[in-house]
Amino acid sequence: MGILENKANAQTFYKYLSTVYDRINWFNWNEEMRAEALSWLEFGEDDRVLDVGCGTGFGTEGLLQHADDVHGLDQSAHQMAKAFEKFGKHDRVNFYRGDAERLPFADDTFDVVWSSGSIEYWPNPVDGLAEMRRVAKPGGQVLVVGPDYPNNRVLQRMADAIMLFYDEEEGDRLFREAGYEEFEHHIQQATRVSPRAITTVAQVSEE
């Protein structure tokens with residue numbers, strides 16, 4: 001387990017990162033990548049949408065372009081404070097302080113469940129993915145963006161020491177263990193020298 005997969009370490013990390021997050025995030029995850037990921041989802045007129053690990057609200061901002069009933073959850077008070085500055089606490093978005101591995105919502109609540117740049121910090125990613133599936137309605141959609149595992153061995157050692165990185169094969173295992181049957185992975189990259197992202201779009205079974 002990487003050092004930032006510890007919840008306390010991750011909270012401390014984001015306490016300081018929150019001050020510059022929006023200025024540096026473009027190198028890993030930019031508006032073009034967000035728009036492409038959103039294009040892989042289908043939104044209905046009255047869809048209820050959840051952003052898990054919403055952080056400063058970059059993903060939330062994209063979701064608001066497609067839905068009016070948007071909810072955001074994060075464990076970092078410092079990251080969420082930045083999101084409050086953009087959207088208010090209960091104006092355009094309903095925000096909650098909470099844990100991705102123990103979502104404070106009833107079963108079958110959301111039509112779309114989104115998470116970008118959060119899974120890499122979860123100590124138990126299968127639990128988090130299972131929670132996202134639980135709160136999604138039957139026939140709903142789940143989209144998760146995480147860091148793709150690097151090919152370089154030196155970078156692999158560094159990645160393993162920091163947080164969760166995973167390739168498509170490991171992504172298959174994580175999603176299957178979390179109970180998903182239908183899903184597909186996409187590789188995205190902000191620039192030629194940026195780290196790659198692995199974006200998974202999953203359909204929640206209607207059974």
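In which helix is methionine 132 found? In this predicted model, methionine 132 belongs to helix 6, a segment that spans residues 125-135 and in which Pro125, Val126, Gly128, Leu129, Glu131, Met132 and Val135 are buried. Methionine 132 has a relative accessible area of 0%, and because the cut-off for a buried residue is under 20%, it counts as buried.

The surroundings of helix 6 can be described at two levels. Its buried residues pack against strand 1 (48-52), strand 4 (110-116), strand 5 (136-147) and helix 8 (168-177). For methionine 132 itself, leaving aside residues up to four places away in sequence, the residues touched are Val52, Leu103, Val113, Trp114, Ser115, Trp122, Val142, Leu143, Val144 and Tyr180. One of these, valine 52, lies 80 residues from methionine 132 along the chain, while the C-alpha atoms of the two are separated by 8.2 Å.

Aromatic rings form a second topic. The structure holds 7 aromatic pairs, including an edge-to-face pair between phenylalanine 84 and phenylalanine 95, with 5.3 Å centre to centre and 70 degrees between the planes. This pair links distant parts of the chain, its two members being 11 residues apart, and the table sets out their location and accessibility.

| Residue | Element | Relative accessibility |
|---|---|---|
| Phenylalanine 84 | helix 5 (residues 77-87) | 25%, partly exposed |
| Phenylalanine 95 | strand 3 (residues 93-97) | 6%, buried |

Phe84 and Phe95 also belong, together with Phe87, to one aromatic cluster. A ring takes part in another kind of arrangement at phenylalanine 58, where the charged end of arginine 34 sits over the ring, 4.4 Å from its centre.

Key: Residues numbered from 1 in each chain as written. Predicted model: local features only at pLDDT ≥ 70, side-chain atom pairs only at ≥ 80, totals over all residues. Heavy atoms only, no water. Buried < 20%, exposed > 50% of the residue type's maximum accessible area, 1.4 Å probe, protein only. Helix = DSSP H or I, 4+ residues; strand = E, 2+ residues; numbered from the N terminus. Contact = heavy atoms within 4.5 Å. Phe/Tyr/Trp six-rings, centres within 6.5 Å; stacked < 30°, edge-to-face > 60°. Lys NZ or Arg CZ within 6 Å of the ring centre and 35° of its normal.
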